[in-house]
Amino acid sequence: MDRLLDGVKWWSIILLDGYSRTMLAGAIAPTEASWGTLMVLYTACLRYGAPEHLLSDSGGAFTSNAVKAVLKRLQIEPKPLVSPPGERYKNLMETHFNIQ
């Protein structure tokens, strides 16, 4: 999720448990980059173990070669959400958690 704050765009990266909706790890970063995604994933894996699946948007941070390599090595199946053009508002994460 991106937000503009005082003229600077910030990205939030949050890893939620799919069942309880508990926030397992999170971070904000000034850029959409793989390092932020890997930091959040590392923190969640360290505390709770590696997940079986990772549901994410199709942003560059999740589709980078670095993140793909880590997910493959940890045997985590990535499940990117792909919305048809103009229908992003139907995205599961955004509509289920009322994130706009």
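1. Two strands are said to pair if DSSP finds at least two bridges between them. Strand 4 and strand 5 (residues 77-80) meet this condition, since they are joined in the parallel sense over 4 bridges. Here helices (H or I, at least four residues) and strands (E, at least two) are DSSP runs, numbered from the N terminus. One residue match in this pairing is Leu-55 with Lys-79, its bridge partner in strand 5.

2. A word on the source of the values: this is a predicted model, in which local features need pLDDT of at least 70 and side-chain atom pairs count only at pLDDT 80 or more, while totals for chains, interfaces and linings use all residues. Residues are numbered from 1 along each chain as its sequence is written, and side-chain values use heavy atoms, with hydrogens and water left out.

3. The overall layout comes next. The chain has 4 helices and 5 strands, and, read from the N terminus on, its elements follow the order β-β-β-α-β-α-α-β-α. Of the contacts in the chain with a separation of 6 or more (contact means heavy atoms within 4.5 Å), 42% are between residues 24 or more positions apart.

4. On burial, the terms are as follows: buried means under 20% relative accessible area, exposed over 50%, and partly exposed in between (1.4 Å probe, protein chains only). By this rule, buried residues make up 25% of the 100 residues in the chain. The chain exposes about 7200 Å², of which carbon and sulfur atoms supply 58%; accessible areas come from the Shrake-Rupley method with a 1.4 Å probe, and for residues only the protein chains shown count as cover.

5. Strand 2 and strand 3 run antiparallel and are joined by 6 bridges. Within this pairing, Ile-13 stands opposite Ala-27 in strand 3, and Trp-11 has Ala-29 as its bridge partner in strand 3. The two strands form a hairpin with 6 residues between them, and Arg-21 in the turn has a positive phi of about 65°. Arg-21 counts as partly exposed because its relative accessibility is 36%.

6. A positive phi in a residue other than glycine also occurs at Gln-75, where the value is near 60°. Gln-75 is placed in the loop between helix 3 and strand 5, and it is exposed because its relative accessible area is 68%.

7. Which residues of the largest nonpolar core touch the most other members? A nonpolar core is a set of buried Ala, Val, Leu, Ile, Met, Phe, Trp, Tyr and Cys residues joined through side-chain atoms within 4.5 Å. Of the 13 residues in the largest one, those with the most contacts to other members are Leu-15, Val-40, Leu-41, Ala-44, Leu-54, Leu-71 and Ile-76. The elements that give two or more residues to this core are strand 2 (8-16), strand 3 (23-29), helix 1 (34-48) and helix 3 (65-73), and helix 1 gives the most, with 4 residues.

8. Two members of this core can be followed through their contacts, leaving out residues up to four places away in sequence. Ala-44 lies in helix 1 and counts as buried because its relative accessibility is 4%. Ala-44 touches Leu-15, Leu-24, Ala-25 and Gly-49, and its C-alpha atom is separated by 7.4 Å from that of Leu-15, although the two residues are 29 residues apart along the chain. Ile-76, for its part, touches Leu-41, Ala-50, Pro-51, Glu-52, His-53, Leu-54 and Leu-71.

9. Thr-37 also lies in helix 1. Thr-37 counts as buried because its relative accessibility is 5%, and, leaving aside its neighbours within four places in sequence, it is in contact with Ile-13, Ala-61, Phe-62 and Val-67.

10. Strand 4 also shows two faces. In a regular strand the side chains alternate between the two faces of the sheet. In strand 4 (residues 53-56), Leu-54 and Ser-56 form the covered face, whereas His-53 and Leu-55 form the uncovered one.

11. Finally, the surface holds a nonpolar patch of Leu-5, Val-8, Trp-10 and Ile-28, with about 380 Å² of accessible area together. Patches are made of residues with over 30% relative accessible area and no salt bridge, where like charges are joined within 9 Å and nonpolar side chains (Val, Leu, Ile, Met, Phe, Trp, Tyr) within 5 Å; a salt bridge is a side-chain nitrogen of Lys or Arg within 4 Å of a carboxyl oxygen of Asp or Glu. Val-8 has its place in strand 2 and is partly exposed because its relative accessible area is 38%.
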